[in-house]
Amino acid sequence: MLWPLITLLATVAATLAVGWTVDQALQRISAGHPEAPVWALLRRCRIPLQLAVASALLLAINPLKRIFHLTEDEGSRHLVMLLLLASLGWLTVRVVAAVLEALLRRYEAVTDDPSRVQRVRTQISMLRRVVSAVIVVVTLAVMLLTFSTMRTIGASLLASAGLIGIVAGIAAQSTLGNFFAGLQIAFGDTVRIGDTVVVDGQQGTVEEITLSYLVVRLWDYRRLIVPVSYFVNKPFENWTRRDPGLLAAVLLHLDHSTPVDELRTALHTRLQQHPLWDGQEWALNVTDTTPSTIVVRATMTARTPDDAAQLRFDIREHLIAHLRDEHPHALPRLRTTEG
């Protein structure tokens with residue numbers, strides 16, 4: 001009884017020692033190579049590594065059988081084997097996630113184009129989820145194959161794989177559609193994390209993309225959850241797909257006596273002093289008339305959708321204030337005639 005207990009304690013001590021040694025080695029390598037973030041990220045793999053080492057040592061020496069008086073048929077080795085397979089799958093997921101995140105950080109450090117960074121971040125995020133899902137499925141499949149009864153059932157299932165495939169395809173049509181839609185979004189560059197989109201009249205910023213749904217943060221901080229298949233099957237607006245810049249427009253209904261040329265000069269003067277105008281385009285035109293008013297549209301460009309919205313608010317206030325102070329007769333009035 002004493003020797004198996006000592007063996008078990010030695011296994012625990014060896015597991016902790018291996019985890020500490022690997023963690024210290026990764027920490028020193030990371031300190032010596034700060035330009036390579038993968039070494040620091042690999043430190044997150046310490047727990048699954050220790051579980052894999054512990055289960056491998058237990059599988060080799062198997063002291064549990066002698067401590068708890070288990071027989072070989074009671075499944076002690078099988079339980080340890082399942083633990084080893086699960087910990088190896090977990091370790092693989094952590095390693096893949098660390099490598100992909102390190103690649104993203106390196107790309108962000110050498111790229112100045114925000115749109116490219118958003119595209120690569122979206123692709124790596126989707127790739128990590130796909131690879132993790134594949135690893136989990138493979139790990140579960142290998143764990144199930146360790147059961148002798150499952151191997152027998154598996155042989156019978158293979159004989160009817162055609163029928164099962166048809167049934168599963170019909171049952172999982174929506175799920176598979178979202179899965180492939182998520183891959184199409186990630187690598188088709190139609191929408192990315194950080195893009196400003198309009199979905200069913202709701203404007204927001206893409207906050208998260210998964211294999212089944214997409215999260216849009218609206219202007220009032222609500223979250224709109226949309227299936228990824230929506231962005232493949234239905235039209236939507238993406239304001240930042242190619243260029244984050246946007247054309248802002250302000251509509252004013254004014255009196256026919258409005259001095260349009262002077263208003264145009266006032267707009268240009270204000271834009272030249274405004275920090276949100278990118279200096280690219282601006283215009284002021286009369287776009288329509290009614291029996292009582294004219295419709296004046298002022299347009300100007302900004303670097304981002306948020307800047308365009310704020311610039312639109314400021315310009316509208318400035319033009320109305322200018323007309324109120326300088327030309328109050330230009331503001332729309334309700335005319336009445338005495339008969």
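A salt bridge here is a side-chain nitrogen of Lys or Arg within 4 Å of a carboxyl oxygen of Asp or Glu. Glu 101 and Arg 44 make a handy first example: their side chains meet in a salt bridge, with 3.1 Å from N to O. Glu 101 sits in helix α5 and Arg 44 in the loop between α2 (38-41) and α3, so this pair ties together parts that are 57 residues apart in sequence. Neither partner is hidden away: Glu 101 is partly exposed, at a relative accessible area of 26%, and Arg 44 is partly exposed too, at 44%. The model is a predicted one, and a search of the whole structure turns up 11 salt bridges.

Another of these pairs joins Asp 23 to Arg 46, whose closest N and O atoms are 3.8 Å apart. The pair links distant parts of the chain, with Asp 23 in helix α1 (residues 2-32) and Arg 46 in helix α3, 23 residues apart. The two ends have rather unlike settings: Asp 23 is buried, at a relative accessible area of 7%, while Arg 46 is partly exposed, at 30%. Arg 43 comes into the picture as well, since salt bridges that share partners join Asp 23, Arg 43 and Arg 46 into one network. Further along the chain, Arg 192 forms a salt bridge with Asp 195, and the closest N and O atoms there are 3.2 Å apart. Both of these residues are buried.

Stepping back to the chain as a whole, it holds 12 helices and 8 strands. Of its 339 residues, 34% count as buried. Among contacts with a separation of 6 or more, 65% come from residues 24 or more positions apart. The chain exposes about 20100 Å², and carbon and sulfur atoms supply 62% of that area.

Part of the surface is a nonpolar patch made up of Ile 47, Leu 51, Leu 83 and Trp 90, which together have about 340 Å² of accessible area. Helices α3 (46-61) and α5 (76-110) each supply at least two of the patch residues. Leu 51 belongs to α3 and is partly exposed, with a relative accessible area of 33%.

Helix α12 (residues 305-326) is worth a look of its own. Its 22 residues reach 31 Å from the first C-alpha to the last, close to the 32 Å expected at 1.5 Å a residue. The buried residues of this helix are Pro 305, Ala 308, Leu 311, Ile 315, Leu 319, His 322 and Leu 323. Viewed down the axis of α12, they fall within an arc of 100°, so they line one face of the helix. That fits a general rule: an α-helix has 3.6 residues a turn, so residues three or four places apart point the same way. The face turned away from the buried side of α12 carries the exposed residues Asp 306, Glu 317 and Asp 325. Cover for the buried residues of α12 includes β1, β6 (246-254), α11 (260-273), β7 (277-289) and β8 (294-302).

Two loop residues round things off. Asp 200 has a positive phi of about 50° although it is not a glycine. Asp 200 lies in the loop between β1 (196-199) and β2 (202-209), where it is exposed, at a relative accessible area of 65%. Tyr 221, also not a glycine, has a positive phi near 70°. Its place is the loop between β3 (213-218) and β4 (223-227), and Tyr 221 is exposed, at 59% relative accessible area.

Conventions. Residues numbered from 1 in each chain as written. Predicted model: local features only at pLDDT ≥ 70, side-chain atom pairs only at ≥ 80, totals over all residues. Heavy atoms only, no water. Patch = residues over 30% accessible without salt bridge, like charges linked within 9 Å, V, L, I, M, F, W, Y side chains within 5 Å. Areas by Shrake-Rupley, 256 points an atom, 1.4 Å probe, with all protein chains shown as cover. Helix = DSSP H or I, 4+ residues; strand = E, 2+ residues; numbered from the N terminus. Buried < 20%, exposed > 50% of the residue type's maximum accessible area, 1.4 Å probe, protein only. Expected span 1.5 Å × (residues − 1). Arc of directions from axis to C-beta. Contact = heavy atoms within 4.5 Å.
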